[in-house]
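Biologist: I'm new to this structure and I'd like a close look at one part of it. Could you walk me through the strand in the middle of your notes, and then show me how the rest is arranged around the ligand?

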Amino acid sequence: MVNVALIAHDKKKLDLVMFVKEWKNVFSQCKLYATKTTGSVLKDKVGLEIQTFESGPLGGDLQIGALAVSGKIDFVLFLRDPLTAQPHEPDVSAVLRICDVHNIPLATNLATAEALVLEIEKKFTNK
Ligand SMILES: O=C(CO)COP(=O)(O)O
């Protein structure tokens, strides 16, 4: 099983929805985790099963970070809003940092997200 964490800041949620829709065949074969609002938007708009945690500003990023520390996340797709200050910026940085500490593939924009999804797809098709 491939475990993927999906997180998007508010101005990036639509981008994430479009992206996950486009790659639904791949994401539907993964175990998905998300912060609260991201997860509920994805469930609603794409119809995938997702385990959700708290909202990012309430500690959800840290919960996903903790999963990553435990080795339970294989890929992180985190569409940050680089143009808006976030009250929980330290939590956002913590997720990025922990991905680097544990060498977990992390995409923070759609171009890299696509490269990651192609990599995940390979795992399913044994390419
Ligand atoms: O703020 C977030 C990530 O830092 C995302 O949280 P939500 O998915 O609850 O909006």
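Modeller: Let's start with a pair of leucines: Leu6 stands opposite Leu77 in strand 4. Before going further, keep in mind that this is a predicted model.

Leu6 belongs to strand 1, residues 3–8, and strand 4 covers residues 75–79. These two strands pair in the parallel sense over 5 bridges. Another of the pairings puts Val4 together with Phe75 in strand 4.

How well covered is strand 4? Here 5 of the 5 residues are buried, so strand 4 is largely enclosed by the rest of the structure. That goes for both faces: Phe75, Leu77 and Leu79 sit on one side, Val76 and Phe78 on the other, and all of them are buried.

Strand 4 has a second partner too. It is joined by 2 bridges to strand 5, residues 106–107, and the two run parallel. There, Val76 stands opposite Leu106.

Now back to strand 1, which also has another partner. Strand 2, residues 31–34, runs parallel to strand 1, and 4 bridges join them. As an example, Asn3 has Lys31 in strand 2 as its bridge partner. Strand 1 is largely enclosed by the rest of the structure as well, because 5 of its 6 residues are buried.

Stepping back for a moment, the protein chain has 6 helices and 5 strands. In sequence order they follow the pattern β-α-α-β-α-β-α-β-α-β-α. The radius of gyration is 13 Å, close to the 14 Å that the globule rule gives for 127 residues, so the chain is as compact as a globular protein of that length. Along its principal axes, the C-alpha trace spans about 40 × 30 × 25 Å. Over the whole chain, 35% of the 127 residues count as buried. Contacts also reach far along the sequence: among those between residues at least 6 apart, 68% join residues at least 24 apart.

On to the ligand. There are 13 residues around it, and the ones that come nearest are Thr35, Thr37, Thr38, Ser55 and Gly56. By class, this shell has 3 nonpolar, 8 polar and 2 charged residues. Helix 3 (36–46) and helix 4 (60–69) each supply at least two of the shell's residues. The largest share, 3 residues, comes from helix 3.

Two of those nearest residues, Ser55 and Gly56, also turn up in the UniProt record. Under "binding site", that unreviewed entry lists His9, Lys13, Ser55, Gly56 and His88.

Take Gly56 from that list. It is found in the loop between strand 3 and helix 4. Gly56 counts as buried because 27 other C-beta atoms lie within 10 Å. Leaving out residues up to four places away in sequence, Gly56 touches Ile7, Thr35, Asp61, His88 and Asp91.

Lys13, from the same UniProt list, lies in helix 1, residues 13–22. Is Lys13 buried, exposed or partly exposed? It counts as partly exposed, because it has 18 C-beta neighbours inside 10 Å, and the mark for buried is 20 or more. Not counting neighbours within four places in sequence, Lys13 is in contact with Ala8, Thr38 and Val41.

One of the residues touching Gly56 deserves its own stop: Asp61. The unreviewed UniProt entry has the annotation "active site" on Asp61. This residue lies in helix 4, and it counts as buried because it has 27 C-beta neighbours inside 10 Å. Setting aside residues up to four places away in sequence, Asp61 touches Ile7, Thr35, Gly56, His88, Asp91, Val92, Ala94 and Val95. Ile7 in that list takes us back to strand 1, which spans residues 3–8.

For a contrast, look at Gly47, in the loop between helix 3 and strand 3 (51–52). Gly47 is exposed, because just 10 other C-beta atoms lie within 10 Å and the cut-off for exposed is 12 or fewer. From Gly47 to Leu110 there are 63 residues in sequence and 20 Å in space, C-alpha to C-alpha.

Note on methods
Residues numbered from 1 in each chain as written. Predicted model: local features only at pLDDT ≥ 70, side-chain atom pairs only at ≥ 80, totals over all residues. Near = placed C-beta within 6 Å. Helix = DSSP H or I, 4+ residues; strand = E, 2+ residues; numbered from the N terminus. Nonpolar A, V, L, I, M, F, W, Y, C, P; charged D, E, K, R; others polar. UniProt positions renumbered as here; feature names shortened; annotations may be inferred. Contact = placed C-beta atoms within 7 Å. Rg over C-alpha atoms; globule rule 2.2 N^0.38 Å. Pairing = 2+ DSSP bridges.
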